[in-house]
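Me: I've got a fold open on my screen and want to talk through a few spots in it. Can we go one question at a time?

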Amino acid sequence: MDFYKVLEKRRTYRDFSEREVSDEILERIISAAFKAPTNDHLRQLEFVVVRGRENIARVTAPLAKNMEAFKDLVFEVDESGDKDKMEMFADALPKQQKMLMESGLLIIPFFRQMTCPLLKPAEQSSLNYFASAWCALENMLLAATAEGLGAVFHIPVSDEAEKIKKIVHAPEDYEFTCLLTIGYPTENAFLPRQKEICIKDRIHRDKW
């Protein structure tokens, strides 16, 4: 697939079929992560892959309490008044737990955090490892799109990350960016409306 077509087709899917993603495709997608730029050039990335709804339920158990709160958020007033945004949230929030289960494949992308506690950076450059990890994740999202797959991720809140790290026995000096689900979308999968952006209006020459 042409690279710019991949960019155009990359979408967040939250509705997955039961069709299984093969190990061969999974390995190709993960290999794309190692093509991304990394802060220390060492590509210290590790991936916990969880298959099967029972196993995924065990790993994502710490999310249950917060998921109930997420379901109520869709009814809150959105100050922006943006209908596309609210339509997306109306679909997304009730599916936060369901979407992680349906594809039967959960990936937890870990990176080695070498400087300072992740959430207490000494300066912006302390987040270089974190930034590199997200560059790697973007490569995975694009690779999944090229394979005809959809993807969605949940960024941990509250104490979810620490609890999940203990469940999967992750080393102390490793953190993870998100819980990533990759799978084959259902035929009627909801796709939020994409905002049309005038690129020329977003480019500032020499100064803002």
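Reply: Sure. This is a predicted model, where local features need pLDDT of at least 70, side-chain atom pairs count only at pLDDT 80 or more, and totals for chains, interfaces and linings use all residues. Residues are numbered from 1 along each chain as its sequence is written, and side-chain values use heavy atoms, with hydrogens and water left out.

Me: Is Y4 buried or exposed?

Reply: Y4 is found in helix α1, residues 3-9 (helices are DSSP runs of H or I with at least four residues, strands are E runs of at least two, numbered from the N terminus). Buried means under 20% relative accessible area, exposed over 50%, partly exposed in between, with a 1.4 Å probe and protein chains only. Y4 has a relative accessible area of 62%, so the word for Y4 is exposed.

Me: And how does the ring of Y4 pair with that of F3?

Reply: Ring centres of Phe, Tyr and Trp (its six-membered ring) must lie within 6.5 Å to pair; planes under 30 degrees apart count as stacked, over 60 as edge-to-face and the rest as tilted. The structure holds 6 aromatic pairs. For F3 and Y4 the centres are 5.5 Å apart and the planes sit at 75°, so this pair is edge-to-face.

Me: Which parts of the chain does the F110 and F176 pair tie together?

Reply: F110 and F176 form an edge-to-face pair, 5.4 Å centre to centre with 65° between the planes. F110 is buried at 4% relative accessible area, and F176 is buried at 5%. The two are 66 residues apart in sequence, so the pair ties together strand β2 and strand β4.

Me: What about strand β5: how many of its residues are buried?

Reply: Both faces of β5 are covered, with L179, T181 and G183 on one side and L180 and I182 on the other. Strand β5 covers residues 179-183 and is largely enclosed by the rest of the structure, because the buried count is 5 of the 5.

Me: How many bridges pair β3 with β5?

Reply: Two strands pair if DSSP finds at least two bridges between them. β2 and β5 run antiparallel and are joined by 2 bridges, with T181 as the partner of L106. Strand β3 (residues 150-154) also pairs with β5 in the antiparallel sense, and G150 has G183 as its partner. The number of bridges between β3 and β5 is 5.

Me: On to charges: which parts does the D23 and R51 salt bridge tie together?

Reply: A salt bridge is a side-chain nitrogen of Lys or Arg within 4 Å of a carboxyl oxygen of Asp or Glu, and the count comes to 13. In D23 and R51 the closest N and O atoms are 3.0 Å apart. The two residues are 28 apart in sequence, so the pair ties together helix α2 and strand β1.

Me: Which residues share a salt-bridge network with D84 and K195?

Reply: The side chains of D84 and K195 meet at 3.0 Å, N to O. They link distant parts of the chain, 111 residues apart, with D84 in helix α5 and K195 in the loop between β5 and α9. D84 is buried at 16% relative accessible area, while K195 is partly exposed at 46%. Shared partners join this pair into one network with D82 and R193.
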